[in-house]
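Got your viewer open? Load the model, switch to cartoon view and follow along.

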Amino acid sequence: MDVKTYLKERKEAIKNGSPKTHADIVASVLADGKEHWASELNNAAGWRFGAAIFNLRKRGIEIKTIRPVDGNHFKYQLDE
């Protein structure tokens, strides 16, 4: 499943009363295809954004983790 299909399905579910999830927020941030810092995802979806990424990956959405050469500042990007 690609992220656009996921967001379209979730938009319909939200219209029908389903609450917006952290995975929805992370998917909407990553939908532009650019690299995003972990701190940006943290600000958007909360400190448990890693669980949201895990849930998106379980649904078949490929998210690339870009590991830093030094330090501990990761970036994330859709891998399409």
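This tour starts with the whole chain, then goes helix by helix.

**Before you click**

You're looking at a predicted model, where local features need pLDDT of at least 70 and side-chain atom pairs count only at pLDDT 80 or more, while totals for chains, interfaces and linings use all residues. Residues are numbered from 1 along each chain as its sequence is written, and side-chain values use heavy atoms, with hydrogens and water left out.

**Stop 1: the whole chain**

Colour by secondary structure and you'll find 4 helices and 3 strands in the protein chain. These are DSSP runs numbered from the N terminus, with helices being H or I of at least four residues and strands E of at least two. Read along the sequence, the pattern is α-α-β-α-α-β-β. The radius of gyration is 13 Å, close to the 12 Å from the globule rule for 80 residues, so the chain is as compact as a globular protein of that length. (That radius is taken over C-alpha atoms, and the rule is 2.2 Å times the number of residues to the power 0.38.) Along its principal axes, the C-alpha trace spans about 45 × 25 × 20 Å. Buried residues make up 28% of the 80 residues; buried means under 20% relative accessible area, exposed over 50%, and partly exposed in between, using a 1.4 Å probe and protein chains only.

**Stop 2: helix α2**

Next, select residues 22-30, which is helix α2. Which residues in α2 are buried? They are Ala23, Asp24, Val26, Ala27, Val29 and Leu30. The buried residues of α2 pack against α1, β1 (36-37), α3, α4 (49-58), β2 (63-66) and β3 (75-78).

**Stop 3: α1 against α2**

Keep α2 on and add residues 3-15, helix α1; the two pack at an angle of about 135 degrees, with their axes 10 Å apart. Axes here are lines fitted to C-alpha atoms, for helices over the stretch in contact, and angles run from 0 to 180 degrees between N-to-C directions. That angle makes α1 oblique to α2: under 35 degrees counts as roughly parallel, over 145 as roughly antiparallel, 65 to 115 as roughly perpendicular and the rest as oblique. Show side chains for Val3, Tyr6, Leu7, Arg10 and Ile14 in α1, which meet Ala23, Asp24, Ala27 and Ser28 in α2. Contact means heavy atoms within 4.5 Å.

**Stop 4: α3 against α2**

Swap α1 for residues 38-45, helix α3, which packs with α2 at about 135 degrees, axes 9 Å apart. That makes α2 oblique to α3. On the α2 side, pick His22, Ile25, Val26, Val29 and Leu30; they meet Glu40, Leu41, Ala44 and Ala45 in α3.

**Stop 5: α4 against α2**

Now bring in α4: its axis and that of α2 come within 8 Å and cross at roughly 80 degrees. The pair is therefore roughly perpendicular. Where they touch, His22, Ala23, Val26 and Ala27 in α2 meet Phe49, Ala52, Ile53 and Leu56 in α4.

**Stop 6: out to Lys11**

Finally, go back to helix α1 and select Lys11. Is this residue buried or exposed? Lys11 is exposed, with a relative accessible area of 55%. Add Lys75 and draw a distance: the two C-alpha atoms are separated by 26 Å, and the residues are 64 apart along the chain.
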